Amino acid sequence: MKSVTEHLNDLLDGIEPLDPIEVRLGEARGCVLAEDVTAPWPLPQFDNSAMDGYAVRTDDLLAATAANPVELDVIEDLPAGRAPVESVGLGQAIRIMTGAPMPAGADSVVPVEATNGGIRVVTMSAPAIRGAHIRHVGEDVRANDLVLQAGTVLGPRHIALLGAVGHGRVAVHPRPRVVILTTGDELVEPGNPLEPGQICDSNGPTLAAAAWEAGAVTFRVGPVADDAELLWRTLEDQLVRADLVVTTGGVSAGAYDTVKEVLSKLGTVTFTKVAMQPGMPQGYGVLGEDRIPIFTLPGNPVSAYVSFEVFVRPVIRRMLGHTVLNRPVIGARCLAEINSPAERTQFVRANVSIAEGAYVVEPVGGHGSHLIGGLASANALIVLPPETTKVAVGEYVRVLRLDQGE
Ligand code: AMP
Ligand code: MG
């Protein structure tokens, strides 16, 4: 059997970040920047007022006191967004709003609160400080500065900067289009009536949500019946819109394991056993002329989900251009005894929390790979390596956090 790491490396082999495209700034959040971005202009772009007040000449106010205030003629009203027409001369002021360009002649801004707020004539009762309340050109970013490096994961703060330097569009690695295809005669789309023996397709919505959370654009297909011809046709149809195809079900050794039956024959998809629990049967390969990667996950819901987390999520993230592919793994003190099979990596559904400033973790929800109720109450997976067969209470274990990782 292959180890989890070997299998993951095989899957990642040959997966590259998708070729960059230009997207509008509003669509860039969460994407990885594919170009270095420089500032075409400085920030601020021009000297401007940091306050609502009056642009003045400090020399005019040297003698101003409360007892002997100085009156200045207000010669212009300058809101943000308008260029000054006048320049400030001897005994003059311009009423100026936050963000408005500093007029020539003025070397300070006196906040409106420090004046009588006059419209034609303003009264000043203290000297002004040269340069006060002025935001200076380039004090934040200089023209031609490298403002963001390729590889940056764009969040709101980076988008603020891109917007300020006028990038309406930006080159990013696009979100991979992931087709989630579920298979099984017994499956019915949730919400539709069930006949005896049928169950709801929970893997489809689960993996679509997980792929979306990983940063992909997802398309759900199915549930597709266990019919070789139908499955093949459906797969072929989907290839045009897929950067990655993920299937669930039909990969064991049963009589109706159609995925395995259909894809084994192609010679481009390999079925293998990975030394893990849950999630042992795994298949991977490529389909069609464009050699679209396909991963076939087991059908049991917990196996499918854990396989997605361990194998598919890192692949989606590589396609997105991320360099950190895995969720954070932390060390935590285990609150219960765990028995684990030898020679397999075990992923134990668990709940991690902080007690007295340190991480503690507790298994939840049982072992069976059909136990979805327990899965929902887990926020982490304890990862027990193949050589571990027993964990004692209080021992430290490695914990993969399912609720973290951009
Ligand atoms: P299979 O790998 O197709 O043999 O499926 C293994 C188990 O997982 C069976 O009990 C299936 O009914 C169940 N299963 C397969 N696919 C799904 C799905 N999409 N949603 C929920 N359960 C599933
Ligand atoms: Mg099946």
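Colleague: Is Lys390 buried, partly exposed or exposed?
Modeller: Lys390 counts as partly exposed, at 47% relative accessibility. Keep in mind that this is a predicted model.

Colleague: Which side chain does Lys390 meet in a salt bridge?
Modeller: That of Glu337, at 3.4 Å from N to O. The pair links distant parts of the chain, 53 residues apart. Glu337 sits in the loop between strand 21 and strand 22, and Lys390 is in strand 26.

Colleague: Is Glu337 buried or partly exposed?
Modeller: Glu337 is partly exposed, with 49% relative accessibility.

Colleague: How many salt bridges does the count come to?
Modeller: It comes to 16. One of them joins Lys2 and Asp10, with the closest N and O atoms 2.7 Å apart. Lys2 counts as buried because its relative accessibility is 15%, under the 20% cut-off. Asp10 is partly exposed at 33%.

Colleague: Which residues are linked in a network of salt bridges?
Modeller: Asp59, Asp107 and Arg130.

Colleague: New topic. Which residues come nearest to ligand 1?
Modeller: Glu186, Asp201, Ser202, Asn203 and Gly250, out of 17 around the ligand. A polar side-chain atom of Asp201 lies 2.7 Å from a nitrogen atom of ligand 1. Gly250 uses a backbone N or O atom, 2.9 Å from a ligand oxygen.

Colleague: What share of ligand 1 does the protein bury?
Modeller: 78% of the 480 Å² that the ligand exposes when taken alone.

Colleague: And helix 6, where is its kink centred?
Modeller: On Phe308, with a kink of about 40 degrees. Helix 6 is mostly covered, with 18 of its 19 residues buried. Gly321 follows helix 6 and has a positive phi, near 95 degrees.

Terms used:
Residues are numbered from 1 along each chain as its sequence is written. Chains are lettered from A and ligands numbered from 1 in the order in which they are written. This is a predicted model: local features need pLDDT of at least 70, side-chain atom pairs count only at pLDDT 80 or more; totals for chains, interfaces and linings use all residues. Side-chain values use heavy atoms; hydrogens and water are left out. The bend at a residue is the angle between axes fitted to the seven residues ending there and the seven starting there. Helices (H or I, at least four residues) and strands (E, at least two) are DSSP runs, numbered from the N terminus. Buried means under 20% relative accessible area, exposed over 50%, partly exposed in between (1.4 Å probe, protein chains only). A residue is near a molecule or strand if one of its heavy atoms lies within 4 Å of it. A polar contact is a pair of N or O atoms within 3.5 Å; within protein, one must be able to donate a hydrogen and the other to accept it, and residues adjacent in sequence count only if both atoms are side-chain atoms. Accessible areas come from the Shrake-Rupley method with a 1.4 Å probe; for residues, only the protein chains shown count as cover. A salt bridge is a side-chain nitrogen of Lys or Arg within 4 Å of a carboxyl oxygen of Asp or Glu.
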